[in-house]
Amino acid sequence: VAEALLLAKQGCAEPAAREDALAEGKKISVRPLVKPTQEGNGGRDLQLFQQNRGEDYVREFAQHALENNELVSEREQKELDAGLVELYRKARSDLQEGGANTLFLALGMLKWKQSEDETRSYRAPLILVPVKIERKSAASRVKIMAHDDETVFNMTLLEMLRQDFGLRLPQLEGKLPEDESGVDVALIWNIVRKAVIDMKGFEVVEEVVLSTFSFAKYLMWKDLSDRTAELKGSPFVAHLIDTPRDPYEGSAEFMKPSEIDEKIDPSELFMPLPADSSQIVAVHASAQGGDFVLEGPPGTGKSQTIANIIAHNLGLGRRVLFVSEKMAALEVVYRRLVEKGLGRFCLELHSSNANKKDVLGQLDRSWSERGEETAEHWQAEAARLKELRDSLNGLVRALHTPGR
């Protein structure tokens, strides 16, 4: 968590109403809590002011903010603005680099201690509402709105409770209970309260926090844990799990670069981008079965070779999954494929364009945009290339054949 904004604590008038507002497509702004001393309270503190007025000023203030689609933060205006800008930049960077939204409005916190005599307490968010921050200009107010992803319960917390405390919450492991607008926040909190009621040191705290949360490592671990048998259907994964110290038998075989022109017909290679002999060997090996690692220093054409590998395997009628830790690497390869007219064969599934509407739009474009080239056109071009290659190779042989 780079920056966490406690937007409301005891002053959070109906946190469920915040979730409902977001679910209805409303935009929510954030404002600081105006203390009574700032409104002519004669310098008295907040607690004394509440006693004298006979009402909870903070809750009243938060309720008024709710009616205006606002969230209340206990930070001062300057500190609040800086925190929101930092979260905006962090969320945007995470989306650009990792292709996944990490900004959430956390509704409710579970507070607990590992043991009764421990002084330190721990906190974890309960309900995570995916949101995005809108900032039209550097001078404009920041607004929070719902993201296209679904609201989820903290999956990492569920696993921690199961492993460390033997506690399972099956009602929250799948689709969350819903009310008229979005998820049923009050019901979910009560489910957790009932589950931990006999566990000393555990408490559900009604707080609303805006922050970035990432579950990438947990999701990877869970995928490996839940699907070990299925994943071992891959010889490479089975080797890593069962026999990691033994030599790997499934390595790809590479022909010698000097043999390319003798053994590979140009019509057998679907490479729209230039490649040298070592790169052609890698592209050819990618379609022959077996696994390999392609490595090289920056600037040696790895992205170009990957684009050729994808195009080659598409030409052979295969499906290719290309993944990367950084979005920039995906975009470089995608851009190369688009430039060569292969963009309609590409489907972005993990990026800022991975929402349902955009994915359906990509499928529609792929279906409706047909290429003008035909198999006959390709065969003619490949035959022309072979003739040129054979002619050049004939010249090389003539120059280097020993004679009188």
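Helices, as the word is used here, are DSSP runs of at least four residues and are numbered from the N terminus. With that in mind, the reader can turn to the model above, which is a predicted one, and in which the protein has 15 helices and 8 strands. Buried residues make up 34% of the 404 residues in the protein. If we take the contacts between residues at least 6 apart in sequence, 67% of them join residues at least 24 apart.

A good place to enter the structure is the second largest pocket, which holds about 1,200 Å³ of space. Its lining is made of 35 residues, and those closest to the centre of the pocket are Leu269, Phe270, Met271, Pro272 and Trp378. Three helices, namely helix 10 (260–263), helix 12 (302–315) and helix 15 (375–400), each supply at least two residues of this lining, and among the contributors helix 15 gives the most, with 12 residues. When the lining of the second largest pocket is sorted by class, it has 20 nonpolar, 7 polar and 8 charged residues. As for how such spaces are found in general, rolling a probe the size of a water molecule over the atoms shows where empty space is left.

Two of the helices just named appear again beside helix 11, which spans residues 277–286. Helix 11 is mostly covered, since 8 of its 10 residues are buried, and the buried residues are Gln279, Ile280, Val281, Ala282, Val283, His284, Ala285 and Ser286. What covers these buried residues of helix 11 includes helix 10 and helix 12.

From the helices we can move to the strands, and strand 2 (residues 28–32) is a useful starting point, being mostly covered, with 4 of its 5 residues buried. Strand 2 is joined to strand 3 (residues 70–73) by 4 bridges, and these two strands run parallel; within this pairing, Pro32 has Ser73 of strand 3 as its bridge partner. Strand 2 is also joined to strand 6 (residues 143–146), in this case by 2 bridges and in an antiparallel arrangement, where Ser29 stands opposite Lys143.

Strand 6 in turn leads to strand 5, because the definition of pairing asks for at least two bridges between two strands, and strand 5 and strand 6 have 4, in the antiparallel sense. Here Val131 stands opposite Ala146 in strand 6. Strand 5 also pairs with strand 4 in the antiparallel sense, over 8 bridges, and in that pairing Leu105 stands opposite Val129 in strand 5. A further antiparallel pairing, over 2 bridges, links strand 5 with strand 7 (residues 152–153), with Leu128 opposite Val152.

Several of these strands also take part in the largest nonpolar core. In soluble globular proteins, nonpolar side chains tend to be buried together. The largest nonpolar core of this model has 43 residues, of which Ile127 and Phe153 touch the most other members. Helix 1 (15–23), strand 2, helix 4 (77–98), strand 4 (103–112), strand 5 (122–134), helix 5 (155–165), helix 6 (185–196) and strand 8 (203–212) each supply at least two residues of this core. Leaving aside residues up to four places away in sequence, Ile127 touches Leu105, Ala106, Leu107, Thr151, Val152, Phe153, Val183, Val185, Ile188 and Trp189.

Two single residues can serve to show how burial is read from a number. Leu167 is found in the loop between helix 5 and helix 6, and with a relative accessible area of 15% it is classed as buried, because the cut-off for that word is under 20%. Along the chain Leu167 and Val196 are 29 residues apart, while their C-alpha atoms are separated by 8.6 Å. Residues up to four places away in sequence not being counted, Leu167 touches Leu158, Leu161, Arg162, Ala195, Val196 and Met199.

The second residue, His239, has its place in helix 9 (residues 235–242). Is His239 buried or exposed? Its relative accessible area is 11%, so His239 counts as buried. What does His239 touch, when residues up to four places away in sequence are not counted? The residues in contact with His239 on that count are Pro244, Asp246, Pro247 and Tyr248.

Note on methods: Residues numbered from 1 in each chain as written. Predicted model: local features only at pLDDT ≥ 70, side-chain atom pairs only at ≥ 80, totals over all residues. Heavy atoms only, no water. Buried < 20%, exposed > 50% of the residue type's maximum accessible area, 1.4 Å probe, protein only. 1 Å grid on protein atoms, 1.4 Å probe; cavity = no way out; pocket = protein on both sides within 12 Å on 5 of 7 lines; lining within 4 Å. Points joined across faces, edges and corners; volume = space filled by probe spheres on them. Nonpolar A, V, L, I, M, F, W, Y, C, P; charged D, E, K, R; others polar. Core = buried A, V, L, I, M, F, W, Y, C linked by side-chain atoms within 4.5 Å. Contact = heavy atoms within 4.5 Å.
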